[in-house]
Amino acid sequence: MKQVYINSVASVSAQKTFDNAEFLNDFIDHEAVVFPVVNPNYKVFIPPAAARRMAKGIKMSIAASKIALQESGLDQVDAIITGTGMGCLRDSEKFLSALIDNDEQYLTPTAFIQSTHNTVGGQVALELQCKGYNFTYVHASNSFESALLDAKLLLSNEEENTILVGGVDEIGEHTFKLQALVGHVKKEAVKASELFESHTSGAVYGEGANFFVLSNEKQNSTYAELVGVKMFNTLPKTLLTETLEAFLGSHQLEISDIDVVILGANGDAGYDDYYDILSQGVFKKTQQAYYKHISGEFNTASAFGFWLAAKTIQSQTLPALVKRNNFKSTGFKNVLLYNQYRSENHSFTLLKQC
């Protein structure tokens, strides 16, 4: 089986990350319960007339996918695989509201067509004129990891040579109100820099699109090698460390081989104890990093963590604003990501310098 490489990255997030020449140089210290996206100039990527009819998730995804393709030096890829937890949420809300308001009559199909979860993958394919394999995974907070695993299998087995893989989610006003109603959102606005000192329940939400060109051929722009991805729908706390060690062992690694562990903690006092088990346990003498205090929480926020890991390996630097302890690695060869959301959909992702 062939190795899989990350040949380019692109991120549209709550920070200024769409410019790959920079690496979190300017920190935007949001103070809110929803972190808004820092939008690139979409006119550079999408004709204004077309952009006017597009949902925000589609615009973010097309911009990110074009940045990723440009950096990889490609005009085309063999396949597009997308992960999204909620799809184009705003169009879904628009269609369902019209359904109720008009008593199920006089509905136009446009909002419904644009609201399906695979709309993003389809629109990106139309923009790139890619007629290859196109698949969308909707697996809650394991959506991006599912897309990543599919791409890895296709590339390892040489069924495809270059694949655009992405994770995207947008915030919808009505859905956000429902999440706040059931206590998934913090009740008070929190500064990003003080999120982990809040010690309250709920998370700060966000949105974004992160896309990557993966290939089974290494090139000059390669960031890192994608070594492994493992997912679990549920994972008892008592088995977390044992499961992690088994995952690393399957790749001939031990805890001491990890140079930095990037944790998906989101400041929710009710569920961050999963991360505490590792940060205060087997990784207490390992450099640690967090990222959801700068990206916000959403179903594919782990794609932002993946972007952070790839950039860290390529630049061999870890920005101060994501460091969570005082340990310093001499270099970043092996980087591990661990993510879960409200004790479900756990994932381990391993990247290696190449």
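Which helices are among what covers the buried residues of H3? They include helix H4 (109-115) and helix H7 (173-181).

The model described here is predicted: local features need pLDDT of at least 70, side-chain atom pairs count only at pLDDT 80 or more, and totals for chains, interfaces and linings use all residues. Residues are numbered from 1 along each chain as its sequence is written, and side-chain values use heavy atoms, with hydrogens and water left out.

**The chain overall**

The protein chain has 11 helices and 12 strands; helices (H or I, at least four residues) and strands (E, at least two) are DSSP runs, numbered from the N terminus. The radius of gyration of the protein chain is 19 Å, which agrees with the value near 20 Å for a compact globule of 354 residues. That radius is taken over C-alpha atoms, and the globule rule is 2.2 Å times the number of residues to the power 0.38. The C-alpha trace spans about 60 × 45 × 35 Å along its principal axes.

Of the 354 residues, 57% count as buried. Buried means under 20% relative accessible area, exposed means over 50%, and partly exposed lies in between (1.4 Å probe, protein chains only). Among contacts with a separation of 6 or more, 79% come from residues 24 or more positions apart, a contact being heavy atoms within 4.5 Å. The accessible surface is about 15,000 Å², and carbon and sulfur atoms hold 50% of that surface; the areas come from the Shrake-Rupley method with a 1.4 Å probe, and for residues only the protein chains shown count as cover.

**Three helices**

The expected span of a helix is 1.5 Å times one less than its number of residues. The table sets this beside the distance between the end C-alpha atoms.

| Helix | Number of residues | Expected span | Span in the model |
|---|---|---|---|
| H2 (residues 56-72) | 17 residues | 24 Å | 24 Å |
| H3 (residues 89-101) | 13 residues | 18 Å | 18 Å |
| H11 (residues 302-315) | 14 residues | 20 Å | 20 Å |

In H2, 13 of the 17 residues are buried, so this helix is largely enclosed by the rest of the structure. Gly-73 follows H2 and has a positive phi, near 75°.

The buried residues in H3 include Leu-89, Asp-91, Ser-92, Glu-93 and Phe-95. Just after H3, Asp-103 has a positive phi of about 55°.

H11 is mostly covered, with 12 of its 14 residues buried. Among them are Phe-304, Phe-306, Trp-307 and Lys-311. Gln-316, just after H11, takes a positive phi of about 55°.

**Loops and a strand end**

His-199 is in the loop between strand E6 (190-191) and strand E7 (208-215). The phi of His-199 is positive, near 50°, in a residue other than glycine. With a relative accessible area of 64%, His-199 is exposed.

Ser-343 is in the loop between strand E11 (334-341) and strand E12 (344-352). Its phi is near 70°, again a positive value in a residue other than glycine. Ser-343 is partly exposed, at a relative accessible area of 23%.

Thr-234 belongs to strand E8 (residues 224-234) and counts as exposed at 52% relative accessibility. Thr-234 and His-346 are 112 residues apart in sequence, while their C-alpha atoms are 6.8 Å apart in space.
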